[in-house]
Amino acid sequence: MSHDHAHSHDHPHGSDLSPVEARVRALESLLTEKGYIDPAALDTLVDLYENKVGPHAGARVVARAWVDPAYRVRLLSDATRAIAELGIGGRGGEHMVVVANTPETHNLVVCTLCSCYPWPVLGLPPIWYKAPPYRARAVIDPRGVLAEFGVSIPESTRITVWDSTAETRYMVLPMRPANTEGFSEEALAALVTRDAMIGTGLPDSMPPTAPEMPL
Amino acid sequence: MNGAQDLGGAHGFGPVVPEPNEPVFHAEWERRVFAMAMAMGYTGAWNLDGSRATRESLPPAQYLGSSYYEIWLAALEKQVAATGLATPDELAAGHALEPSKPVMRVLAHDGLEARFRAGFPSSREPAAAARFAVGDPVIARNVHPTGHTRLPRYVRGRRGRVERVDGTFVFPDTNAYGAGENPTWLYTVSFTAQELWGPSGDPGGTVTVAAFEPYLEPA
């Protein structure tokens, strides 16, 4: 799958629109005229998923689980309900499962058949998650995929790959980084990357000495 | 179907290439396709499984040669025509030539965010007892349906273990075609990497899939 460009080289004569742009415009005009869609609702949907729903929500869940052992237990036993405690949920996350990384097990999430991804906690998926290389290789060569993300997992750590083949949506609970004792929940959430919650990354690490520690 | 969408284990697609600081959308038309697909799904003219079935029924060369939202667009045009909501002539013209067909509902701006933040659960009440329990050894059936299925090829015929009984859910294989939700038990089933991939499987590695009951038989 190639990336799209806003302007292609083969514009039809007399139009600034690329062929795909022209098709999309024609379809929206038609469906609007027919009364099946409301363009204002489309704007609202775009705004919701472009600007409001995103991995900051999942990072809040992870940070809460790091500071609150009872919440962690609830999250790992009934993730949908525990995530809803933080006011997070919705389309593409109706049936959540959270899987915890440990020194013994690293978890990796994929959808080999399409692009299933936990929208309420991570937002819409990046292109690489939806594209053939990741979907093809995550299940057969997870260590090779992780290496391409710069992630090296010890040989002694087993890798479990979660293929999202039904409406269950998976999120990884990464291990809390070292040297974060005393961090606020908010400061911890800032360390949680999107990829850490897919399993293709790790949370940002902290140096042994807090950088802003006054002398 | 054994289509181009069923990618698990395929070779030759090259490395994974993450895009630094990737935007949610890469062009305005992608925003519109995304939102139109959501809004048209909301009309009830088809369901999510039907959309997936339509996307994966695109010819393999088209599927693999298209960007993600190009696939969505092609499937959306196909579904609009297949359900008679618009004719191919209307799609080409970009305006209505015939009266509209009734739809169950139209997605409105008001209440939209709350509706999407509430979600659209696909869990249903069970119609029968679950056939399998946690710990049961199972084999993913060696079946090759020509229609929609969520059983990936790479597990078919392989022996796994039930790790969790997830509950009963809408069955995609029938729901995709409007042939009923048929609430069906769903299981989390694990397979060892070497059961799936032989000696090249990651030692100690596991792959789990969410498998509907008809996909499984006792091992």
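**View 1. Domains 1 and 2 of chain A in the predicted model.** The domain assignment splits chain A into two parts. Domain 1 covers residues 19–51. Domain 2 takes in 55–198. Between the C-alpha centres of these two domains of chain A, the distance is 32 Å.

**View 2. Domains 1 and 2 of chain B.** For chain B, the assignment places domain 1 at 28–118. Domain 2 of chain B spans 137–218. Their C-alpha centres are 28 Å apart.

**View 3. Contact between the domains of chain B.** Domain 1 of chain B contributes five residues to the contact, and domain 2 of chain B contributes four. On the domain 1 side, two residues are charged, two are polar and one is nonpolar.

**View 4. An open sheet with strands from chains A and B.** Seven strands make up this sheet. Read across, the order is β2(A)-β3(A)-β4(B)-β3(B)-β2(B)-β1(B)-β5(B). Pairing is mixed. At the edges lie β2 of chain A (105–110) and β5 of chain B (216–218). Each of these edge strands pairs on one side only. From one strand to the next, the twist averages 35°.

**View 5. The pairing of β2(A) with β3(A).** Strand β3 of chain A comprises residues 158–163. Strands β2(A) and β3(A) run parallel, joined by six bridges. Within this pairing, A:V109 sits opposite A:W162 of β3(A).

Methods. Residues numbered from 1 in each chain as written. Chains lettered and ligands numbered in written order. Predicted model: local features only at pLDDT ≥ 70, side-chain atom pairs only at ≥ 80, totals over all residues. Domains from an automatic or database assignment. Contact = placed C-beta atoms within 7 Å. Nonpolar A, V, L, I, M, F, W, Y, C, P; charged D, E, K, R; others polar. Pairing = 2+ DSSP bridges. Helix = DSSP H or I, 4+ residues; strand = E, 2+ residues; numbered from the N terminus. Axes fitted to C-alpha atoms, helices over the stretch in contact; angles between N-to-C directions.
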